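Please look through the model shown here before reading on. The exchange is between a first-year student and an author.

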Amino acid sequence: GSGSGSGSGSGSGSSSTTSGGGGGGSGYVPEQVTAAIANLTAQLADLQAQINAMKGSYCTSSAVCPYNQYCSTFSSTCRQGPGGVCTMNLDCIEGLVCSAGNCSTPLGSCTDVLSLGRAIGDGAYFINPTLNTSVIDLSAGTMIYCLNSLDLGGWALALNINTADNNVVNYENTGFWTSPTALGGARSDPSTAFTKDFKSPKLFSTYPVNELLILAHDGSGFPLYWRSWYLSSNTSTLRSYLSDPP
């Protein structure tokens, strides 16, 4: 999935005094109008600064963003990660909220993002899967692509194969199919999750799964066919199903 946003604004304000011949006369702008014009001018300057900031932070992947910022798959702009300074939720990467001037409060799964009202569509969210385990690691947060529009939503993308990106991921590619850390030529940035071969090592090999969704989609990521299953174990990782002997 992808998203883009742009905006622009312009405005001007002026005041003047006039004088005329003949009987003479003068005109003036009341103080309230002058104050309103000054306030509008300040708002326009602030808006222009925000627009310029957005233009300067345009991104296609998190690799081009400053430290502790991530590329939003909804706006294609770099946004603050956990602990980043913020004044509103829109300053934070999806999945985080602005609290007391800092981006914080990640959730533990795509299901949580959906059920607690933070989902704004299909795309990448900052999630810490350890929050739903007995051993919480506050440094384990990562960007995870959540599919919220299909089969009741709340699905976390672990693997994707794009047959047109010139990377071969047949079953001889053990880096892709069985390695806990290697990518096998795929990418791990969820901003290209459906347009390139994709692998999330953490989701693939670290955290247990209890449901599986297999989806066939077109080149843009639009779903064509899918099917989901409940798995027999809720303590096994996806990697264990593909690499462990029967």
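What follows is a set of questions and answers about strands and buried residues.

Reader: How should the model and its numbering be read?

Author: Residues are numbered from 1 along each chain as its sequence is written, and side-chain values use heavy atoms, with hydrogens and water left out. The model is predicted, so totals for chains, interfaces and linings use all residues, whereas side-chain atom pairs count only at pLDDT 80 or more and local features need pLDDT of at least 70.

Reader: Is Q69 buried or exposed?

Author: Q69 lies in strand β1, residues 69–71, where a strand is a DSSP run of E with at least two residues, numbered from the N terminus. Buried means under 20% relative accessible area, exposed over 50%, and partly exposed in between (1.4 Å probe, protein chains only). Because the relative accessible area of Q69 is 18%, Q69 counts as buried.

Reader: Which residue of β6 is the bridge partner of Y125?

Author: Strands β5 and β6 run antiparallel and are joined by 5 bridges, and two strands pair if DSSP finds at least two bridges between them. In β6, the partner of Y125 is I144.

Reader: How many residues does the largest nonpolar core have?

Author: A nonpolar core is a set of buried Ala, Val, Leu, Ile, Met, Phe, Trp, Tyr and Cys residues joined through side-chain atoms within 4.5 Å. Y125 and I144 are among the residues with the most contacts inside the largest one, whose residue count is 14.

Reader: How many of the 6 residues of β6 are buried?

Author: Strand β6 is largely enclosed by the rest of the structure, because the number of its 6 residues that are buried is 5.

How values were computed:
Helices (H or I, at least four residues) and strands (E, at least two) are DSSP runs, numbered from the N terminus.
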